[in-house]
Amino acid sequence: YTIFGVEAADNCYCGKALANEPASASSDDCIDACTLNPQEICGACWRINIYSLAPTTASPTGYSNLACWSDTTLRILPGSSTAGTDMDIIFCQDFCSQNSYTIFGVGATANCYCGNTLANKPASASPNDCSITCAGNPQEICGANWRIN
């Protein structure tokens, strides 16, 4: 899927395109805190926040969240890696970008992994499995043990 949306605090929908003649609503209508991360907004009753998984010029951070993945000792991102108490999403993105990788992932609060493709039979995991905050920014999620965002 290339787009997803969150609605009513804990509902997630995925698709390849918007359907059924969607109508834009005011962002003020989306007021429900997400169940798993109350620091983020997850739509409201009959209101959905929609996101793209493809990079866009509208993304101020330059990255798109590709969900939660299971990892093994073979690593799904087998390129360069680093770890540290200052780990957050942007730190990992910068590290991987500087090493010429196009995909990065954070895991186990303080680890960063890089690659250009997902390798070694990647398996998606439940979003609930990625629930540990980043060592360098407790407002962000950095995977979990054997789970990578």
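**Exercise 1. Arg-75 and its partner**

Task: Decide whether Arg-75 counts as buried, partly exposed or exposed, and find which residue forms a salt bridge with Arg-75.

Solution: Begin with the surface of Arg-75 in this predicted model, where the relative accessibility is 23%. Since buried means under 20% and exposed means over 50%, with partly exposed in between, Arg-75 counts as partly exposed. Next, look for the partner, which is Asp-71, with the closest N and O atoms 2.5 Å apart. Finally, apply the cut-off of 20% to the partner as well: Asp-71 has a relative accessible area of 5% and is therefore buried.

**Exercise 2. Two further salt bridges**

Task: State how many salt bridges the model holds, and work out where the partners of Arg-47 and Arg-147 lie in the chain.

Solution: The count comes to 3 salt bridges, one of them being the pair of Asp-71 and Arg-75 treated above.

Take Arg-47, which pairs with Asp-29 at 3.1 Å between the closest N and O atoms. Both Arg-47 and Asp-29 are placed in the loop between strand 2 (11–15) and strand 3, yet they are 18 residues apart, and the pair links distant parts of the chain. Arg-47 is partly exposed at 33% relative accessible area, and Asp-29 is likewise partly exposed, at 32%.

Now take Arg-147, whose salt bridge is with Asp-129, the closest N and O atoms being 3.2 Å apart. Because Asp-129 lies in the loop between strand 8 (123–124) and strand 9 (133–134), while Arg-147 belongs to strand 11 (residues 147–148), this pair ties together parts that are 18 residues apart in sequence. The relative accessible area is 30% for Asp-129, which is partly exposed, and 23% for Arg-147, which is also partly exposed.

**Exercise 3. The nonpolar cores**

Task: Name the elements that give two or more residues to the largest nonpolar core, and say which of them gives the most.

Solution: The largest core has 11 residues, including Met-87, Phe-104, Val-106 and Cys-112. Sorting the members by element leads to helix 1 (89–98), strand 6 (103–107) and strand 7 (111–115) as those giving two or more residues, and helix 1 gives the most, with 3 residues. Within this core, Cys-112 is a useful residue to follow, for, leaving aside its neighbours within four places in sequence, Cys-112 is in contact with Met-87, Cys-92 and Cys-96, among others. A second, separate core has 6 residues, and among them are Ile-76, Leu-77, Tyr-113 and Ile-148.

**Exercise 4. A surface patch and the confidence around it**

Task: Find which residues make the nonpolar surface patch of about 370 Å², and where in the protein the confidence is lowest.

Solution: The patch is made by Tyr-13, Leu-18, Ile-48 and Ile-50. Of these, Ile-48 has its place in strand 3 and is partly exposed, with a relative accessible area of 34%. For the second part, compare the elements by mean pLDDT: confidence is lowest in strand 3 (residues 48–52), at a mean of 74, and highest in strand 5 (residues 81–83), at 95. Over residues 55–60 the pLDDT is below 50, and this stretch has 1 contact in the model beyond near neighbours in sequence. Where pLDDT is low, the predicted coordinates should not be read in detail. For the protein as a whole, the mean pLDDT is 83, and 90% of the residues reach 70 or more.

Terms used
Residues are numbered from 1 along each chain as its sequence is written. This is a predicted model: local features need pLDDT of at least 70, side-chain atom pairs count only at pLDDT 80 or more; totals for chains, interfaces and linings use all residues. Side-chain values use heavy atoms; hydrogens and water are left out. pLDDT is the predictor's confidence in each residue, from 0 to 100. Helices (H or I, at least four residues) and strands (E, at least two) are DSSP runs, numbered from the N terminus. Contact means heavy atoms within 4.5 Å. Patches are made of residues with over 30% relative accessible area and no salt bridge: like charges are joined within 9 Å, nonpolar side chains (Val, Leu, Ile, Met, Phe, Trp, Tyr) within 5 Å. Accessible areas come from the Shrake-Rupley method with a 1.4 Å probe; for residues, only the protein chains shown count as cover. A salt bridge is a side-chain nitrogen of Lys or Arg within 4 Å of a carboxyl oxygen of Asp or Glu. Buried means under 20% relative accessible area, exposed over 50%, partly exposed in between (1.4 Å probe, protein chains only). A nonpolar core is a set of buried Ala, Val, Leu, Ile, Met, Phe, Trp, Tyr and Cys residues joined through side-chain atoms within 4.5 Å.
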